[in-house]
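This report describes a structure for a reader who meets it for the first time. The sequence and the model are shown below, and the description follows them.

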Amino acid sequence: MNLFLAKYPSILKKLYPNRITRLKEDKSLYLTFDDGPVPEITPWVLNELKKHNAKATFFCVGDNIKKNPVIFSQITAHGHGVGNHTYNHLNGWNNKTDYYLANILQTEEIISRQNNLEKSKPKLFRPPYGKIKNSQAKTLVKLGYQIVMWDILSGDFEKRISKEKCLKNVIVNASAGSIIVFHDSIKASRNLKFTLPKVLKYYKEKGFIFKSL
Ligand SMILES: [Zn+2]
C-alpha cells in the first residue's frame, strides 16, 4: 500500500525549487481540480464555487476536453484558470520525454483552440500522479510552462480515505497560500461532495479568498 502524505514533503521542495507548491500570500487559498472535465461532477464543482464566489484552477485531461467541450468552456466562462494535465493522463516516469511532451502539446492545442487564453499568462502544467522526470520538467519550463505541484492533497480519490478524513486532510494542513488538490472525477466525487462545501464555508468564514493560479 502506498504511503499517503497530505502535505507535500519539504525535501522535494528543496530538490525541485522551480516546481510551485504554494504561494506567499495572506489569506488566500488556491483550490485545484484535476482530471476533468466530466459531466458527472465538473458542473457540480462549478456551482459550489459560484455559491461562495470562489475562483479555482482546473488541470484538465485533453481527452476529456475533447469529449466535453461545453463543460470546458464553462470553466473559463466562470472565470477559473485552466492548466494542462496531459492528453491521456500519462505517468512521466513511465514515458519517454518525446512522447510525453507530444501528449502535453496535443492538450495545449485543444486548450488554445477552445479558449482564448491571454497569451501573456504563463501556461500551467501539473504532472499526473505528480510523476515527472527532471528532463521533462526542464523542457516544459523552456516552453514557458510553470510546473504546479501542491502543498496539500485532500486524498479525495483514495478509496481507503473516508470523507471525514479527506476534510481533515485539508482543514488541519492548509494555511495561507496553500495549493490544494481535489479531483473532478467520478472516483473522487463521494469525498469531494462532502468535503468541498465544508472547505469553502470554513475558510470563507475565516476571511480567506479563493483564487485561481
Ligand atoms: Zn490526475
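A residue is called buried when its relative accessible area is under 20%, exposed when it is over 50%, and partly exposed in between, with a 1.4 Å probe and protein chains only. The model is predicted: local features need pLDDT of at least 70, side-chain atom pairs count only at pLDDT 80 or more, and totals for chains, interfaces and linings use all residues. Residues are numbered from 1 along each chain as its sequence is written, and side-chain values use heavy atoms, with hydrogens and water left out.

**The zinc site**

Both Asp 35 and His 85 are buried. Together with His 89 they are the protein donors of the zinc ion, through OD of Asp 35 and NE2 of each histidine, at 2.0 to 2.1 Å. Asp 35 lies in the loop between strand 2 and helix 2, and His 85 in the loop between strand 4 and helix 5 (97-114), so the pair ties together parts that are 50 residues apart in sequence. Donors are N, O and S atoms within 2.8 Å of the metal (3.2 Å for Na, K and Ca); water is not among the atoms, so sites may look incomplete.

**Strand 3 and its partners**

Helices (H or I, at least four residues) and strands (E, at least two) are DSSP runs, numbered from the N terminus. Two strands pair if DSSP finds at least two bridges between them. The partners of strand 3 are as follows.

| Partner of strand 3 | Sense and bridges | Opposite residues |
|---|---|---|
| Strand 2 (residues 28-34) | parallel, four bridges | Phe 33 and Phe 58 |
| Strand 4 (residues 81-84) | parallel, four bridges | Asn 84 and Cys 60 |

Five of the five residues of strand 3 (residues 56-60) are buried, so this strand is largely enclosed by the rest of the structure. In a regular strand the side chains alternate between the two faces of the sheet. Here Ala 56, Phe 58 and Cys 60 are buried on one side, and Thr 57 and Phe 59 on the other.

**The nonpolar cores**

A nonpolar core is a set of buried Ala, Val, Leu, Ile, Met, Phe, Trp, Tyr and Cys residues joined through side-chain atoms within 4.5 Å. The largest has 33 residues, of which Leu 31, Phe 33, Leu 49, Phe 58 and Phe 182 touch the most other members. Helix 8 gives the most to this core, with six residues. A second, separate core of 19 residues includes Tyr 8, Ile 132, Met 149 and Val 181.
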